[in-house]
Amino acid sequence: MGKIALCNINCIDIEKASYAFNQTIEIEGEFITDVYDTKAHLPNECEVQYDYGGCWAIPGLVDMHLHITMSHCMSEPDYYVTPNEIVEIAYENLRGLRRVGVTVCRDMGSYAHSAEWIKYILRNESSLPYILTCGDVITYPKGHMYEFGREIENVKDVDMAIDLNSNLKADFIKVASDPLDNEAKHRVPNPAFNTDMLQHIAEYGKKKKMFMACHTYPSKTGVMRALHGGARTIEHAVPFDDDMGRKRYPKTFYVPTFSTALDVCGMSKLEQFNVVKDNNVWDLVKDIMSKNPVYFNEVPDSIDEWFQILINMLPDAIKTGQLLCIGSDAGCKGTDFSTVLREIFLMCVLGATNQQALTYATVNPYKALGYNTRGKIVKGNIADIVILNKNPLKDISTLLKNEAVICKGQLISK
């Protein structure tokens, strides 16, 4: 498709909570080539024009934590499937993400190397969400996700693992490290990486132009190690106090992935804590909740502890303006690829305004990833846009049914 014009759209700047009414957005290739008042003049030599009659446009959503080549329906024996099946899984997952408005996603570890070669295979699929991948997870011996990662015991191992991931064209490094990780318990010495090792990983990764994301829960010690070690993002965790917050670490972002904890622990567990701030949005969450929880009555100790930390800490993190990002952990058993919407709603349930929740899904992720050409509907940016019937700053439920998604300049109508 050539140059297109989207007319009579109200554009929202999420960061400023401001509006530009009745705009025309011109798109050519991947980029927004112009944005102006629809009444000002006719579109400039556009091949196709679409009149959206007062719909609302926001930047494409970002899912900061998922596993693109896994399926939420898989059981352990299914993890090792054929390459063709893995490609089909990735296609299905990416289409699922796009349907709910996700235009950028961050793969946090999948089958060995698979995210990298799927990224290569999909390089010409211009209408699917953009994938950033971590390559093979860096973990300790028999640590978290060791089946899909590289087990590290010393600095030499670290450098070799990062070199290999760099050669695979990975975009960042994921490190699994927490002193209270269930998979680390009952082993002596405790295999979690110390601060010096994490700092080395971060520094060596920086030389390869890859930042560090650190999987850590459910301990304050683990989060503090990740902060001191130089993590850009901390997965499955939230600040425990001001020392860990944006005052001391203004460039560190937190990805709580609360939804997957809820999938494991169940709705009734959250209701016990009396933390629901918005009952209307809570009803939305219940309507789209996974119907088949994974662990039923067998909730692992580490997940239960992590869940309680999230419940206790997330409301304060929201209230004090910490740098949170939306991540679904889709691909984990029980958590599907539309869960990013539920994660947004859950932030509102715990006290976030609609603007804050959308900031966690757009503004903050783009800042964390260092993108300057995404996250705002302005001339020169990549055309990642979600078109909605209502203003989501007033009615967050409108995210459930978008009118269209523009992904890398390609219009996907409903």
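Which residue stands opposite Ala-404 in strand 16? Keep that question in mind while loading the model, which is a predicted one, and begin the tour at the hairpin that holds the answer.

**First stop: the hairpin**

Select residues 404-407, which make up strand 15, together with residues 410-413, which make up strand 16; the two strands pair in the antiparallel sense over four bridges. Show the side chains at the ends of this pairing, and Ser-413 of strand 16 will be found opposite Ala-404. Two residues lie between strand 15 and strand 16 in this hairpin, and one residue to pick out in the turn is Lys-408, whose phi is positive, at about 50 degrees.

**Second stop: an open sheet**

Now move to strands 5, 6 and 7, which form an open sheet of three strands in the order 5-6-7, with parallel pairing. Colour strand 5 (61-66) and strand 7 (130-133) to mark the edges, since each of these pairs on one side only. Looking across the sheet from one strand to the next, the twist averages 20 degrees. Then select strand 6 (residues 102-107), which is joined to strand 7 by four bridges, the two running parallel; within this pairing, Arg-106 has Leu-132 of strand 7 opposite.

**Third stop: helix 6 against helix 9**

Next select helix 6 together with helix 9 (residues 301-319), whose axes come within 10 Å and cross at roughly 130 degrees. At this angle, helix 6 and helix 9 are therefore oblique to each other, and their crossing is left-handed. On the helix 6 side, display Phe-258, Thr-260, Ala-261, Leu-262, Val-264 and Cys-265, and on the helix 9 side display Ile-303, Asp-304, Trp-306, Phe-307, Leu-310, Ile-311 and Leu-314, which together make the contact. By class, the contact of helix 6 with helix 9 has eleven nonpolar residues, one polar and one charged.

**Last stop: helix 6 against helix 10**

Keep helix 6 (residues 258-265) on screen and add helix 10 (residues 339-349): these two pack at an angle of about 95 degrees, with their axes 9 Å apart. Helix 6 and helix 10 are therefore roughly perpendicular to each other, as angles from 65 to 115 degrees are counted. To see where they meet, show Phe-258, Ser-259, Leu-262 and Asp-263 of helix 6 beside Thr-339, Arg-342, Glu-343, Leu-346 and Met-347 of helix 10. Colouring the contact of helix 6 with helix 10 by class gives four nonpolar, two polar and three charged residues.

Methods
Residues numbered from 1 in each chain as written. Predicted model: local features only at pLDDT ≥ 70, side-chain atom pairs only at ≥ 80, totals over all residues. Heavy atoms only, no water. Axes fitted to C-alpha atoms, helices over the stretch in contact; angles between N-to-C directions. Parallel < 35°, antiparallel > 145°, perpendicular 65-115°, else oblique. Contact = heavy atoms within 4.5 Å. Nonpolar A, V, L, I, M, F, W, Y, C, P; charged D, E, K, R; others polar. Pairing = 2+ DSSP bridges. Left-handed = near helix turned anticlockwise from the far one by under 90°.
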